[in-house]
Structures are given as C-alpha cells and as structure tokens.
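Colleague: I am new to reading protein models, and I would like some help. Could we go through one together, feature by feature?

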Amino acid sequence: MQLAMDPTIAHKVSQSRLAREIAATYVAGEDVGPAIDNAADQVLKGLDVSLHPLGPDPVDLAQARRAMVRLCGVIERLGANPAFDGHAEVSISLAALGLRVNDDLARDHARQVCQVARDNHVAVTVDDEGPDIHDRSHRIVMGLLDEYEDTGIVIQAARHDSLMQVRELAAPGRRIRLCKGSYTGPRSVTLIRPHDVDLRMAACLRALMTGPSTVMLASHDPVFVALGEQLMASLGRQLEFQMLQGIRPLEQRRLVDIGHRVRVYLPYGHDWYRYCTRRIVERPGNIWLFGRSLVERR
C-alpha cells in the first residue's frame with residue numbers, strides 16, 4: 001500500500017489513459033455534476049443510489065468545515081430533484097468531517113449534515129472506516145441515533161465484536177448495513193481467515209434478518225446474495241442489496257427485475273486513485289471482481 005501510494009507513482013499511474021478508463025467504471029465522476037447525472041441515470045433504471053465523496057482527510061478545522069459545506073451542497077442538490085425522492089442516500093465519513101482533528105468537530109459537522117439530509121429527504125449512512133477510529137466513530141454514531149434515528153450504521157462482519165454489535169444495535173426501523181469488512185486490522189480486532197469471516201457474515205445476516213432492523217446487505221458475493229434471497233423467502237421479510245458501481249451490474253439488474261431493492265454505491269471525486277488502490281490492497285479479492293467486471297461487464 002505504501003509503495004502504491006507513493007506520490008510519484010500515484011501521479012504517473014493516475015494520469016495514464018488506461019487507469020482513468022478503468023476508474024470511470026467504478027467511480028461516478030471526478031466532480032459533483034457528473035456524479036449526480038450518473039446517480040440520476042441509475043435511479044431511472046430502477047436502482048437506488050448512495051453517493052460518497054472521495055478526498056483526503058482534513059488536517060484542520062477549516063478543511064473539515066469546507067468538506068461539510070460541500071457535502072451539504074450535494075444533499076441539497078439531491079433534494080431539489082424530485083426523481084431522487086426516496087431513492088437517494090449519502091454515505092458519510094466522519095474522518096472526512098474532521099474526526100482526526102477533533103471528535104466534537106466531527107460530531108457537530110455530522111449533526112449539520114444529518115439535519116440538512118432530513119430537510120431534503122435524503123438518507124444518511126455513516127461508514128465504518130478502520131479499527132484505529134472505530135470506537136470514536138461508534139460513539140458519535142450512537143449519539144446521532146438519539147437525534148436522527150434513521151441514520152444508517154455499518155457493521156463489519158470481520159470484527160470480533162460484530163455479533164455483539166448486531167445485538168446492541170438491532171431496533172425497529174434502524175437501518176443497518178452489513179458488509180464483510182473493507183479494512184484489515186490486528187488479530188485482536190478482526191478475523192483473519194476468509195472462511196471465518198464468511199461464517200461470521202452468515203451468522204450476522206441471519207441474526208439481522210430475524211430481528212427488527214431494516215437490513216442492508218453490502219456484498220457482491222454470490223453466496224451471500226443467494227443467502228439473502230433465501231432468508232427473504234423463508235422469513236417473509238425484505239432486505240436491501242447494496243453493490244459498488246461497476247461490480248456485477250447484470251446481477252444488480254436481475255435483482256431489480258424480480259422486485260428486490262438494490263442500492264448502488266457511487267464514489268466520486270478527484271481522489272479516485274487512492275480509493276481504487278485501497279479497495280484492492282485491503283481486500284485483494286476485489287482485483288478479481290474488478291477484472292471480471294471489466295471483461296464480462298458483470
């Protein structure tokens with residue numbers, strides 16, 4: 001990861017035509033305008049959307065405030081377009097709102113974002129970004145839920161405490177996004193063996209589907225998509241499938257065509273190189289997904 005993110009290497013690779021063509025498959029645009037156009041196209045096709053701005057984490061109050069203002073502007077643009085009503089979400093990063101500067105700063109900015117989102121009928125989900133800030137982020141999210149009860153929260157199955165989080169967070173109407181986990185951490189925090197992560201993912205999904213929460217399954221894995229469909233059929237419940245832009249679009253289409261709700265995660269911004277690199281380095285299996293999607297457009 002350190003080599004891939006070397007500024008010289010990053011600049012040369014990100015300027016290449018091939019890299020930019022590949023990134024265009026998985027990133028909604030470098031600027032807000034193209035990203036919203038991309039989102040509108042997805043909604044027209046029957047999909048819901050989750051926009052996520054890409055950028056370096058702020059290092060001071062001014063940078064954090066600018067990130068918050070930009071995000072609120074995106075939410076207002078989504079809210080102003082009737083086509084997005086009930087179909088749009090933003091996935092927010094507390095680090096991007098100033099968590100690495102100050103917890104109170106990130107909390108205040110997150111509240112402002114949630115209020116603007118409520119005013120504009122746009123949903124918000126707070127990402128779980130890494131083991132180093134997980135506990136601080138979790139405390140802020142729990143505070144947000146007291147005031148903005150429809151705020152989505154993420155559970156990463158790979159964490160040792162993921163089942164405990166399911167029991168702690170399950171509540172009527174609460175929006176919970178379940179994913180395997182996009183980061184690697186110390187063995188004291190995360191499961192390491194892929195088989196163990198899969199078993200935990202299945203356990204968490206079953207627990208969520210038998211509980212009162214609104215379940216959002218973020219996975220491209222055919223096994224877990226099939227398990228989600230099976231649980232919906234056997235329990236008479238619904239869940240929302242969530243997938244990244246550019247990954248298995250035909251499967252997204254299939255799920256929509258048979259009546260399931262599918263939300264596409266649309267990252268956007270000039271920091272696309274770091275996003276794509278992190279996706280591959282932190283979960284090497286993603287390179288197989290990316291490659292397959294390029295070749296098969298699946």
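Modeller: Happily; we will look at the overall make-up, then helix packing, cysteines and a few loop residues.

Modeller: This is a predicted model, so local features need pLDDT of at least 70 and side-chain atom pairs count only at pLDDT 80 or more, while totals for chains, interfaces and linings use all residues. Residues are numbered from 1 along each chain as its sequence is written, and side-chain values use heavy atoms, with hydrogens and water left out.

Colleague: How many helices and strands are there in the protein?

Modeller: The protein has 12 helices and 8 strands. These are DSSP runs, numbered from the N terminus: helices are H or I with at least four residues, and strands are E with at least two. Of its 298 residues, 49% count as buried. Buried means under 20% relative accessible area, exposed means over 50%, and partly exposed is in between, with a 1.4 Å probe and protein chains only.

Colleague: How do I describe two packed helices?

Modeller: Two packed helices are described by the angle between their axes and the distance between the axes. Axes are lines fitted to C-alpha atoms, for helices over the stretch in contact, and angles run from 0 to 180 degrees between N-to-C directions. Here, helix H8 (residues 194–209) packs with helix H9 (residues 222–235) at an angle of about 25 degrees, and their axes are 11 Å apart. That makes H8 roughly parallel to H9; the classes are roughly parallel under 35 degrees, roughly antiparallel over 145, roughly perpendicular from 65 to 115, and oblique for the rest.

Colleague: Which residues make the contact?

Modeller: Contact means heavy atoms within 4.5 Å. From H8 the residues include Met201, Ala202 and Leu205, and from H9 they include Phe224, Leu227 and Leu231. By class, the contact of H8 with H9 has 9 nonpolar, 1 polar and 2 charged residues. Nonpolar covers Ala, Val, Leu, Ile, Met, Phe, Trp, Tyr, Cys and Pro; charged covers Asp, Glu, Lys and Arg; the others, Gly among them, are polar.

Colleague: At what angle do helix H7 and H8 pack?

Modeller: Helix H7 (residues 162–169) and H8 pack at about 10 degrees, with their axes 9 Å apart. That makes H7 roughly parallel to H8. Ser162, Leu163 and Val166 of H7 take part, and among their partners in H8 are Ala203 and Cys204.

Colleague: What is a disulfide, and how many does the count come to here?

Modeller: A disulfide is a covalent bond between the sulfur atoms of two cysteines. The rule asks for a pair of cysteine sulfur atoms within 2.5 Å, and the count comes to 0 disulfides. Take Cys72: its closest cysteine sulfur, in Cys114, is 9.5 Å away, too far for a bond. Cys72 is buried at 9% relative accessibility, and Cys114 is buried at 4%.

Colleague: What should I know about phi?

Modeller: Most residues other than glycine have a negative phi. His121 has a positive phi, near 60 degrees. It sits in the loop between helix H5 (103–119) and strand S3 (123–126), and His121 is exposed, at 59% relative accessibility. Arg248 also has a positive phi, of about 50 degrees.

Colleague: Is Arg248 buried or exposed?

Modeller: Arg248 counts as buried, at 7% relative accessibility. Its place is in the loop between S7 and H10.
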